Amino acid sequence: VQDGAGAVRASAAAVAVAAGISATLQLLRVVLDLVAVASRTAERNEAEIDDARPSLKELEGDGDGDGDEESGRSPRLSHKTGVEAAVPPLSLFLHLGAFAYLVAATVMSALPNNDAFTNALYESVPLGCSSAAVLLGLVMDVRDYQRERFGWLQRILHAMSSLILLLGCATAAAMPPEGTTGRITSADVGTLVCLSACALLAVVEGRVCRYPKAVAREGKRARLNARALLTLLKPYFWPDATATSAVTNRIRALTTWLCVVSSKACSLTSPILLGRASTALTRGEYETAVRFSIFYGIMQFASSTFKESQSLVYLRVSQAAFVQLSEASFNHLHSLSLDFHLRKKLGEVIRSMDRGIAACDMLMKYCFLWLPPAPGG
């Protein structure tokens, strides 16, 4: 019985992890959509300011003020096919129905004297995580009903989230844990059908819906290419000389990433040592238990030390990168033509440059220093 209970807990944990990953991917979709909406709002405000400012042609009397009314606006998808037009309402109603069913199944599985849900292989914890994932998908259906921001990354996250949910439910149904009846109840069938419909719709939606067209204002790039992004992030990995020599800055940069890897390695090793200490204690090997406990404390202390050292060293790296990016921006600004300086407000340009440099530092912290070491920590 104990082995069967352990198998039940292991199966439920695996399915719950899959459902949690699915909900995390849907949450990432919502975050990306919020960022996209904020970015377009800023571009629209900038477009309104630029349109309100008289251009050089208008000052010379050659412009009629027309021809740029659509600049900075969000791209609209027109002339949709029948299937493409039917996808948004179908997705909305399907996610709404799936969310209502999963919430009801979560409540019913937590109540006693209900064999269909109490004995279900897909238990209340993964059902709750699945409800959260479907709810976030429903939020995205409402926020982007016309699929104006349904780009390639949104499609990948949406499809992966739905397929992971379906895979977790199918795994629980196909490989029931030992010590249980192993019978699929009507609740499991309903959950499997519901998640299968959501996964099928996510794949069809990614194939049918057209990609939104990027609308760029005159004289501006539609997006930041990979080479420009690498140029902006290069000072954080391989900086040049600033107030100190290039060798010193590069040693600091390499030390930062060495501290990140060392801190993560120590944090992953310490639970293993603690487990061995617990095993030795249950076997009566007290000297081994004490030795592994000491190693565990050393690893925990080393992990914290490397983490704090990384913060201290990265402070000098970020300062050197700020100086290098500021110098590059300043040189580029002074290499522009006289017409640019006459038509643009340099105060706004300098503020935009400062915000861009600060955004590079924030991108480095999230994408390389905070998020990658987070799993398993």
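How high is the mean pLDDT of the protein chain, and what share of its residues reach 70 or more? The mean comes to 78, and 79% of the residues reach that mark, where pLDDT is the predictor's confidence in each residue, from 0 to 100. This is a predicted model, so local features need pLDDT of at least 70 and side-chain atom pairs count only at pLDDT 80 or more, while totals for chains, interfaces and linings use all residues. Residues are numbered from 1 along each chain as its sequence is written, and side-chain values use heavy atoms, with hydrogens and water left out.

Confidence is not spread evenly along the protein chain. Helix α10 (residues 286–334) has the highest value, with a mean of 89, and helix α2 (residues 56–60) has the lowest, at 47. Two stretches stay under 50. Over residues 1–10 the model has seven contacts beyond four places in sequence, a contact being heavy atoms within 4.5 Å. Over residues 59–75, where pLDDT also stays under 50, there are 21 such contacts.

What is the secondary structure of the protein chain made of? There are twelve helices and zero strands, so the run of elements from the N terminus on is simply α, again and again, to the end. Both kinds of element are DSSP runs numbered from the N terminus: helices are H or I with at least four residues, and strands are E with at least two. Of the 377 residues in the protein chain, 33% count as buried. Buried means under 20% relative accessible area, exposed means over 50%, and partly exposed lies in between (1.4 Å probe, protein chains only). Contacts in the protein chain often reach far along the sequence: taking those between residues at least 6 apart, 81% join residues at least 24 apart.

Next comes the way some of these helices pack. Helix α3 (residues 82–110) meets helix α7 (residues 186–208) at an angle of about 155°, with the axes 10 Å apart. Axes here are lines fitted to C-alpha atoms, for helices over the stretch in contact, and angles run from 0 to 180 degrees between N-to-C directions. That angle makes α3 roughly antiparallel to α7. On this scale, under 35 degrees is roughly parallel, over 145 roughly antiparallel, 65 to 115 roughly perpendicular, and the rest oblique. The crossing of α3 and α7 is left-handed, meaning that the near helix is turned anticlockwise from the far one by less than a right angle (clockwise would be right-handed). Among the residues making the contact are Val-83, Leu-90, Leu-94 and Tyr-101 of α3, along with Gly-190, Cys-194, Leu-201 and Val-208 of α7.

Helix α7 also packs with α6, again at about 155° but with axes 9 Å apart. So α6 is roughly antiparallel to α7 as well, and the crossing is left-handed here too. The contact includes His-158, Ser-162, Leu-166 and Cys-169 on the α6 side, and Leu-192, Ser-196, Ala-199 and Ala-202 on the α7 side.

A third pair is α9 (residues 246–282) and α10, which pack at about 160° with their axes 7 Å apart. These helices are therefore roughly antiparallel to each other, and their crossing is left-handed.

A few single residues are worth a look. Met-364 belongs to helix α12 (residues 346–370) and is buried, with a relative accessible area of 0%. Leaving out residues up to four places away in sequence, Met-364 touches Leu-233, Tyr-236, Phe-237, Trp-257, Tyr-314 and Leu-369. Tyr-236 lies 128 residues away along the chain, yet the C-alpha atoms of Met-364 and Tyr-236 are separated by 7.8 Å. Gln-310, in helix α10, is buried too, at 5%. With the sequence neighbours up to four places away set aside, Gln-310 touches Thr-256, Cys-259, Val-260 and Leu-369.

Is Arg-147 buried or exposed? At 4% relative accessibility, Arg-147 counts as buried. Arg-147 is found in the loop between α5 (124–143) and α6 (152–174) and has a positive phi of about 55° although it is not a glycine. Most residues other than glycine have a negative phi.

Finally, how many disulfides does a search of the whole structure find? The search finds zero, a disulfide being a pair of cysteine sulfur atoms within 2.5 Å. Among the cysteines, Cys-209 is buried at 5% relative accessible area, and Cys-266 is buried at 10%.
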